[in-house]
Amino acid sequence: MNKLLFATLLGGFLGIFDGLTALFTPEVRSQIVGIVIGSTIKGLLTGVIIGFFATRVQSLLAGTIFGLIVGGFFAYLILLMNPGHALNIMLPGCLVGVIVGYAAQRHQAGRARDVARSV
């Protein structure tokens, strides 16, 4: 599996959990389905951007910082539409970006991973 696909799938998967963190905010629990769907889409988009970056740049630090920036940017866009919940929106969004950025840089495509293990 290449880095772009890996990062996209991981971003979407983590986006589900990003959305589920809204359960900790009682006033938005009635909107949880829409929040989870939106967070999943946001995670997929974040994963695509980070995965594309990871295919071009081979630096763990740069990939992780780029992930933080991308995750924070999309979380900030959501925050602009929902003021008053800064920590509840920004923290999970940034964590998704950091995790996807780190994992995308550490991920090695199938054949390259097998060669690296045998050396």
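## Reading helices, a pocket and a cavity in a predicted model

A: D18 has its place in helix 1, and since this is a predicted model, the dialogue that follows reads computed features.

Q: Is D18 to be called buried or exposed, and what is its relative accessibility?

A: The general idea is that a residue counts as buried when its relative accessible area is under 20%. D18 has a relative accessibility of 8%, and therefore counts as buried. In the protein as a whole, which has 119 residues, buried residues make up 39%.

Q: How far apart are D18 and A86 in sequence, and how far apart in space?

A: D18 and A86 are separated by 68 residues in sequence, while their C-alpha atoms lie 14 Å apart in space. A second pair can be read in the same manner: L45 and T55 are ten residues apart in sequence, and from C-alpha to C-alpha they are 16 Å apart in space.

Q: Where is L45 placed, and what is its relative accessible area?

A: L45 belongs to helix 2, which covers residues 32–56. The class between buried and exposed runs from 20% to 50%, and L45, with a relative accessible area of 43%, is therefore partly exposed.

Q: Which elements make up the protein, and in what order do they run?

A: The protein contains five helices and zero strands, so that, read from the N terminus on, its elements follow the order α-α-α-α-α. Along the principal axes, the C-alpha trace of the protein spans about 55 × 25 × 15 Å.

Q: How do helix 1 and helix 4 pack, in terms of angle and of the distance between their axes?

A: Two packed helices are described by the angle between their axes together with the distance between those axes. Here helix 1 and helix 4 pack at an angle of about 155°, and their axes are 9 Å apart. An angle over 145 degrees counts as roughly antiparallel, and helix 1 and helix 4 are therefore roughly antiparallel to each other. As for handedness, the crossing in which helix 1 passes helix 4 is right-handed.

Q: How much space lies in the largest pocket, and which of its lining residues are the closest to its centre?

A: The largest pocket holds about 340 Å³ of space. It is lined by 17 residues, of which A22, I35, I78, N82 and I89 are the closest to its centre. Helix 1 (3–20), helix 2 and helix 4 (86–106) each supply at least two residues of this lining, and the largest share, five residues, comes from helix 2. By class, the lining of the largest pocket divides into five nonpolar, ten polar and two charged residues.

Q: How many cavities of 30 Å³ or more does a search of the whole structure find, and which residues line the largest cavity?

A: The general idea is that a probe fits inside a cavity but cannot get out, whereas a pocket is open. In this structure the search finds one cavity of 30 Å³ or more, and about 40 Å³ of space lies in the largest cavity. The largest cavity is lined by D18, S39, K42, G43, T46, G71, F74, G93 and V96; D18 is the residue of helix 1 that was read above as buried.

Q: Which helix gives the most to the lining of the largest cavity, and how does that lining divide by class?

A: Helix 2 gives the most, with four residues, and helix 2, helix 3 (60–81) and helix 4 each supply at least two. The lining of the largest cavity has two nonpolar, five polar and two charged residues.

Conventions. Residues are numbered from 1 along each chain as its sequence is written. This is a predicted model: local features need pLDDT of at least 70, side-chain atom pairs count only at pLDDT 80 or more; totals for chains, interfaces and linings use all residues. Side-chain values use heavy atoms; hydrogens and water are left out. Buried means under 20% relative accessible area, exposed over 50%, partly exposed in between (1.4 Å probe, protein chains only). On a 1 Å grid over the protein atoms alone, a cavity is a set of points where a 1.4 Å probe fits but cannot get out, and a pocket is an open set with protein on both sides within 12 Å along at least five of seven lines; lining residues have an atom within 4 Å of a point. Grid points are joined across faces, edges and corners, and a volume is the space filled by probe spheres set on the points. Ala, Val, Leu, Ile, Met, Phe, Trp, Tyr, Cys and Pro count as nonpolar, Asp, Glu, Lys and Arg as charged, and the others, Gly among them, as polar. Axes are lines fitted to C-alpha atoms, for helices over the stretch in contact, and angles run from 0 to 180 degrees between N-to-C directions. Angles under 35 degrees count as roughly parallel, over 145 as roughly antiparallel, 65 to 115 as roughly perpendicular and the rest as oblique. A crossing is left-handed if the near helix is turned anticlockwise from the far one by less than a right angle, and right-handed if clockwise.
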